[in-house]
Amino acid sequence: MFFILSKVLFFIIQPINWMVLPLVYALFGKNAKWKKRCLVLSVTACLFFTNHFIFNQFARLWEVDTILMDDIKEPYDIGILLGGYSNFFIEPDSDRHNFNERGARFFQAFELYKKGKFKKFLLTGGSGFMFGTDKSEAVLARELLIRLGVPDEDIIVEPDSKNTFENALFTKDILTEKYPNARCLLITAAWHMRRSQGCFDRMDIKYTPFSVDHIGEQPRFVPASLIIPNSETVWRWEIFVKEVVGMVAYKIRGYV
């Protein structure tokens, strides 16, 4: 039930809805006062959620900075890679692994492995969708890693988790049963690391965090960043709104 409610809540809080729904009322509503208010709200939301500079400042504050690759002098036993980097709905898909905009998470983890910063992958993540697919991201990612030359014995798969809390819960079971003394590197997006750390701490998993897939950039004091609306910024805001609300929901639920 919590999984379903979280998906419904995310739909409601999407910034695009804060822009479109007030505009719809401004066009078709009957109360003149509220039509004007909704028009102002829609325009304000559009200006705010398309401003790259404002978004970038928030991203830099929210994202978690961790150690860098060069700080790892002795390889970790396991690199725990959280899912969320695949697109299950792109075709063709029978002869390739299709990534979404967050594919850097996978490839930066792969680079860590190739540089000898950890010995084994632990891939955690199912589909994460209520409808449309029952594919397991961890299973498909394992197949890709094998195609990329990673030995099967260097890949541990947790194929069933649907959210970050389950990532931690099911990973804990695997580590306790088979790798109780492993030194682990927790690999996920910098913007997702706060919630991930909360869940893995809740499961009393010992790990070192390693942030990848950063979105925050160096500040650029140019018109393209300061004043010109940027459509990509809208969906990037969705990521952070989801994370903030997710963190609150997880705290209420006792997941972190």
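Okay, let's start right at one residue: R142, which, if you skip the neighbours within four places in sequence, is in contact with L123, D152, I155 and V157. Keep in mind throughout that this is a predicted model.

So where does R142 sit? It's part of helix α6. Buried or exposed? Neither, really: R142 has a relative accessibility of 26%, so it counts as partly exposed. One of those contacts, D152, is 10 residues away in sequence, and the two C-alpha atoms are 8.0 Å apart.

Let me zoom out for a moment. The protein chain has 256 residues, and 45% of them count as buried. You'll find 10 helices and 5 strands in the chain. The C-alpha trace spans about 65 × 45 × 40 Å along its principal axes. If you take contacts between residues at least 6 apart in sequence, 73% of them join residues at least 24 apart.

A word on the surface, too. About 13900 Å² of the protein chain is exposed, with carbon and sulfur atoms supplying 60% of that. As for charges, there are 32 positive and 29 negative ones, and their mean positions lie 9 Å apart.

Now, the sheet. In what order do the strands come? It goes β3-β2-β1-β4-β5, an open sheet of 5 strands with parallel pairing. At the edges you have β3 and β5, the latter being residues 208-212, and each of these pairs on one side only. From one strand to the next, the twist averages 25 degrees. And our helix from the start, α6, packs on this sheet: α6 touches β2, residues 118-124, and β3, and the direction of α6 makes about 165 degrees with that of β3.

For those who'd like the background, strands of a sheet pair through backbone hydrogen bonds, in either a parallel or an antiparallel way. Over at the β5 side, strand β4, residues 184-189, is joined to β5 by 5 bridges, and the two run parallel. If you want to find the pairing on screen, L185 has T208 as its bridge partner in β5, and T188 has S211.

Here's one to think about: why is β5 described as largely enclosed, edge strand or not? Because 4 of its 5 residues are buried, β5 is largely enclosed by the rest of the structure.

Helix α8, which covers residues 193-202, has a similar story to tell. In α8, 7 of the 10 residues are buried, so this helix is also largely enclosed by the rest of the structure. Which ones are the buried residues of α8? They are M193, R195, S196, Q197, G198, C199 and F200. And what do they pack against? The partners are β1, α7 (164-178), β4, β5 and α10 (231-253).

Next, a few backbone oddities. In general, most residues other than glycine have a negative phi, and most peptide bonds are trans. After α8 comes D204, with a positive phi near 60 degrees. D204 belongs to the loop between α8 and β5, and with 47% relative accessibility it counts as partly exposed. Then go past β5 and you meet D213, with a positive phi near 50 degrees. D213 lies in the loop between β5 and α9, residues 223-226. Is D213 buried or exposed? It's buried, because its relative accessible area is 3%, and the cut-off for buried is under 20%.

The other oddity is a cis peptide bond between E91 and P92, with omega at about 0 degrees. P92 is in the loop between β1 (76-82) and α5 (104-114).

To finish, let's go back to α6 and step off its end. L148 is in the loop between α6, residues 137-147, and β3, residues 155-158. L148 counts as partly exposed because its relative accessibility is 37%. Setting aside residues up to four places away in sequence, L148 touches F106 and F110. And for a sense of distance, try measuring across from L148 to R37: these two are 111 residues apart in sequence, and their C-alpha atoms are 55 Å apart in space.

That's my tour, so over to you.

Technical notes. Residues are numbered from 1 along each chain as its sequence is written. This is a predicted model: local features need pLDDT of at least 70, side-chain atom pairs count only at pLDDT 80 or more; totals for chains, interfaces and linings use all residues. Side-chain values use heavy atoms; hydrogens and water are left out. Buried means under 20% relative accessible area, exposed over 50%, partly exposed in between (1.4 Å probe, protein chains only). Contact means heavy atoms within 4.5 Å. Accessible areas come from the Shrake-Rupley method with a 1.4 Å probe; for residues, only the protein chains shown count as cover. Lys and Arg count as positive and Asp and Glu as negative; His and the chain ends are not counted. The place of a charge is taken as NZ of Lys, CZ of Arg, CG of Asp or CD of Glu. Two strands pair if DSSP finds at least two bridges between them. Axes are lines fitted to C-alpha atoms, for helices over the stretch in contact, and angles run from 0 to 180 degrees between N-to-C directions.
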